[in-house]
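Q: I am new to this structure and would like to learn how to read it. Could you take me through it feature by feature?

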Amino acid sequence: MALKNVIGIDHAVVMVKDLDKAAENYRQLGFTLSPRGTHSAHMGTGNYTIMFDPDYMELLGVLVATEHNAPARAFVDRQGEGIERIAFTAVDSAAGAEEIRARGLVPIGPTDFERPVTLPNGTVSAAKFRTFMWPTAEAPGGVRIFACQHKTRETVWIPELMTHANAAKRIKQVLIATSEPANEAAHLARLIDREPKAEADGAVTVTSGGDRADFVYLTLDQLAKRYPGVPLAGLSGRGGAALVLVSGDLAATEKALGSAGVRSGSAICVPPAKANGTLLAFVAG
């Protein structure tokens, strides 16, 4: 039975070394970024969000070393920049944590935190969250998973932040490169009570729930064959991770990306070396 309090992918977390520099890089790629946020003190992190519908990307950087952000710091030290974890939407984080505890997993949290948000009219409000994580060791393909309950959706999904010059609309797939796609997909499927499905090219897909993005586990060779002509140097981790983004207008995407964009079949891609360790592939809706 699928988890009742956890639905599909909420956002992808891209760990970066220099938060403001990474934000400027993503602005140059045609994304609209939120103002910089600073999380609660025990988190020790800051972020910029790139809002879509119904999901988003988060650029996350460590501002002050804390016990809570030790795994994130270890990721950057060991593997460099790139997708370090994926969040699911939690309907109720406390109940969700108990659901995975009942399956023999010890959750981290739930943890409450917030960050100040400057709204378009100049007033300052707060974005408030309650999250829980699967155990740190449970990271299929080297990517950790957690669930995020949004207490204040109106201060996160701000309409003015949801239109992008590169026409990005939402996340379609999270691609995780690994030497053992079937085993890693089975690992994730077990953690979120889903069924893995083998694809024609040997990759394995796990749906995340609802109408949200899918996880796809595949080898580096399979990733290269999906996006021929795109240099994969700079992918983080054992194999690295990529995001397939739905574009509302590929001509606008190509224009916004400029020299950073690489045509590959029906997709327009940004190599990981130009997107802080993450391959971005824009595809038609």
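A: The turns below go from the whole chain to its domains, and then to single residues.

Q: What does the secondary structure of the protein chain come to, and what are its spans along the principal axes?
A: Keep in mind that this is a predicted model. The secondary structure of the protein chain comes to six helices and 16 strands. The radius of gyration is 18 Å, close to the 19 Å that the globule rule gives for 285 residues, so the protein chain is as compact as a globular protein of that length. Along its principal axes, the C-alpha trace spans about 45 × 45 × 35 Å.

Q: Which domains does the domain assignment give, and what separates their centres?
A: The assignment for the protein chain gives domain 1, covering 6-161, and domain 2, covering 168-284. Taken over C-alpha atoms, the centres of domain 1 and domain 2 are separated by 20 Å.

Q: How should I read the area buried between domain 1 and domain 2?
A: The size of an interface is often given as the accessible area lost when the parts come together. Here the area buried between domain 1 and domain 2 is about 3,000 Å², and carbon and sulfur atoms give 63% of that area. On the side of domain 1, I9, L29 and P140 supply 20% of the area that this domain buries against domain 2, which is more than any other three residues. Counted by contacts, 39 residues of domain 1 touch 37 residues of domain 2.

Q: How many salt bridges and polar contacts are found between domain 1 and domain 2?
A: Side chains of opposite charge can pair when their charged atoms come close. Across this interface the rule finds one salt bridge, and R103 forms a salt bridge with D193, with the closest N and O atoms 2.7 Å apart. The count of residue pairs in polar contact between domain 1 and domain 2 is 14.

Q: Which elements give two or more residues to the side of domain 1 that touches domain 2?
A: They are strand 1 (6-15), helix 1 (19-28), strand 4 (56-62), helix 2 (70-79) and strand 5 (82-90). Strand 1 gives the most to this side of domain 1, with six residues. The residues of the side that touches domain 2 divide into 23 nonpolar, 10 polar and six charged.

Q: How many salt bridges does the structure hold, and what does the pair of D20 and R36 tie together?
A: The structure holds 11 salt bridges. The side chains of D20 and R36 meet in a salt bridge, at 2.8 Å from N to O. D20 lies in helix 1, whereas R36 lies in the loop between helix 1 and strand 2 (37-38), so the pair ties together parts that are 16 residues apart in sequence.

Q: Where are the cis peptide bonds to P54 and P110, and which phi does A167 have?
A: Most residues other than glycine have a negative phi, and most peptide bonds are trans. The peptide bond from D53 to P54 is cis, with omega near 15 degrees, and P54 is found in the loop between strand 3 (45-51) and strand 4. Another cis peptide bond joins G109 and P110, where omega is about 15 degrees, and P110 is found in strand 6, residues 108-118. A167 is not a glycine, yet its phi is positive, at about 70 degrees, and this residue lies in the loop between strand 8 (144-150) and strand 9 (168-177).

Note on methods
Residues are numbered from 1 along each chain as its sequence is written. This is a predicted model: local features need pLDDT of at least 70, side-chain atom pairs count only at pLDDT 80 or more; totals for chains, interfaces and linings use all residues. Side-chain values use heavy atoms; hydrogens and water are left out. Domain bounds come from an automatic or database domain assignment. Contact means heavy atoms within 4.5 Å. Buried area is the accessible area (1.4 Å probe) that two parts lose on being put together, summed over both. A salt bridge is a side-chain nitrogen of Lys or Arg within 4 Å of a carboxyl oxygen of Asp or Glu. A polar contact is a pair of N or O atoms within 3.5 Å; within protein, one must be able to donate a hydrogen and the other to accept it, and residues adjacent in sequence count only if both atoms are side-chain atoms. Helices (H or I, at least four residues) and strands (E, at least two) are DSSP runs, numbered from the N terminus. Ala, Val, Leu, Ile, Met, Phe, Trp, Tyr, Cys and Pro count as nonpolar, Asp, Glu, Lys and Arg as charged, and the others, Gly among them, as polar. The radius of gyration is taken over C-alpha atoms; the globule rule is 2.2 Å times the number of residues to the power 0.38.
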